[in-house]
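This report goes through one protein chain, starting with its pockets and ending with a few single residues. Keep the sequence and the 3D view open while reading.

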Amino acid sequence: VLALDASLSMRATDVKPDRVERMKDEVRRLRAMSPGDRIGLIVFAGRSYVLSPLTVDESALDLFLDNLDPSIVGEGGSTLSSAIQQGTDLLSLSNDGADRALVVMSDGEAFEPEAGVVAAARRAGEKGIALVTVGFGTTQGSTIPVRAADGTVSFKRDQNGAIVITHYVP
């Protein structure tokens, strides 16, 4: 199962063209190295959502991946623990004896207590699921471009009006 960060911070341009597009490229590369593997997709931001259960349907996976954008997730922020829990649950449905792995792709910025993430990761391990994390972004960080309906671009601001700088959190 691939758990993909669809939070607004993934639009940061500290990696080119931006974090979310680089993540999509890595998913495509991973899939090309694993032809015939069943893959499930989860996206997450403030909540996590199953886009696809485990499948070999490459066309469906391509469709979901091509349309992945932070605008599809209605709730801001990032909750790594819910993505890990949902991925663990999805993989636990499969009892075919195959190796099971949950690959979490994110910039690591989470707005939740670390203890919840650790507990979710521990539960995955107890169920025999390998947890792999792949990070996107730089520790120096970047602004987050926000495109308005008229096409103009500004930058995400916090509640005090300051421009937000997002950083990769290992």
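## The largest pocket

The largest pocket in this predicted model has a volume of about 450 Å³. Its lining is made up of 22 residues, and those closest to the centre of the pocket are Val1, Asp37, Arg38, Ile39 and Ala101.

Three elements each give at least two residues to this lining: helix H1 (19–33), strand S4 (101–106) and strand S5 (130–135). H1 gives the most, with 4 residues. Sorted by class, the lining of the largest pocket holds 13 nonpolar, 7 charged and 2 polar residues.

## The second largest pocket

The second largest pocket holds about 360 Å³ of space. It is lined by 17 residues, of which Leu80, Gly108, Thr133, Val169 and Pro170 are the closest to its centre.

Two or more residues of this lining come from each of helix H3 (80–92), S4, helix H4 (114–126) and S5. S5 supplies the largest share of the lining of the second largest pocket, 4 residues. The classes here are 11 nonpolar, 4 polar and 2 charged residues.

## The chain as a whole

The chain is built from 4 helices and 9 strands. Read from the N terminus on, the order of the elements is β-α-β-β-α-α-β-α-β-β-β-β-β. The radius of gyration is 16 Å, and the globule rule gives 15 Å for 170 residues; the two values are close, so the chain is as compact as a globular protein of that length. Along the principal axes, the C-alpha trace spans about 50 × 35 × 25 Å.

Of the 170 residues, 39% count as buried. The accessible surface of the chain comes to about 8,900 Å², and carbon and sulfur atoms account for 53% of that surface. Among contacts between residues at least 6 apart in sequence, 72% join residues at least 24 apart.

## Leucine 51 and serine 81

Leucine 51 is part of strand S3 (residues 48–55). Is leucine 51 buried or partly exposed? Its relative accessibility is 23%, and buried means under 20% while exposed means over 50%, so leucine 51 counts as partly exposed. Leaving aside neighbours within four places in sequence, leucine 51 is in contact with Leu41, Ile42, Val43 and Phe64. The C-alpha atom of leucine 51 is separated by 7.6 Å from that of glycine 40, and these two residues are 11 residues apart along the chain.

Serine 81 is located in helix H3. Its relative accessible area is 11%, and because this is under 20%, serine 81 is buried. With neighbours within four places in sequence left aside, the contacts of serine 81 are Glu112, Gly116, Val117 and Ala120.

## Residues in three loops

Most peptide bonds are trans. The bond that joins lysine 16 and proline 17, however, is a cis peptide bond, with omega at about -5°. Proline 17 sits in the loop between strand S1 (2–5) and H1.

Arginine 100 belongs to the loop between H3 and S4. Which residues does arginine 100 contact, leaving aside its neighbours within four places in sequence? They are Leu91, Ser92, Ser94, Lys127, Gly128, Ile129 and Ala130. One of these, glycine 128, is 28 residues apart from arginine 100 along the chain, and the C-alpha atoms of the two are separated by 7.4 Å.

Threonine 139 is in the loop between S5 and strand S6 (142–143). Not counting residues up to four places away in sequence, threonine 139 touches His167 and Tyr168. Aspartate 107 and threonine 139 are 32 residues apart along the chain, and their C-alpha atoms are separated by 9.7 Å.

How values were computed:
Residues are numbered from 1 along each chain as its sequence is written. This is a predicted model: local features need pLDDT of at least 70, side-chain atom pairs count only at pLDDT 80 or more; totals for chains, interfaces and linings use all residues. Side-chain values use heavy atoms; hydrogens and water are left out. On a 1 Å grid over the protein atoms alone, a cavity is a set of points where a 1.4 Å probe fits but cannot get out, and a pocket is an open set with protein on both sides within 12 Å along at least five of seven lines; lining residues have an atom within 4 Å of a point. Grid points are joined across faces, edges and corners, and a volume is the space filled by probe spheres set on the points. Ala, Val, Leu, Ile, Met, Phe, Trp, Tyr, Cys and Pro count as nonpolar, Asp, Glu, Lys and Arg as charged, and the others, Gly among them, as polar. The radius of gyration is taken over C-alpha atoms; the globule rule is 2.2 Å times the number of residues to the power 0.38. Buried means under 20% relative accessible area, exposed over 50%, partly exposed in between (1.4 Å probe, protein chains only). Contact means heavy atoms within 4.5 Å. Accessible areas come from the Shrake-Rupley method with a 1.4 Å probe; for residues, only the protein chains shown count as cover.
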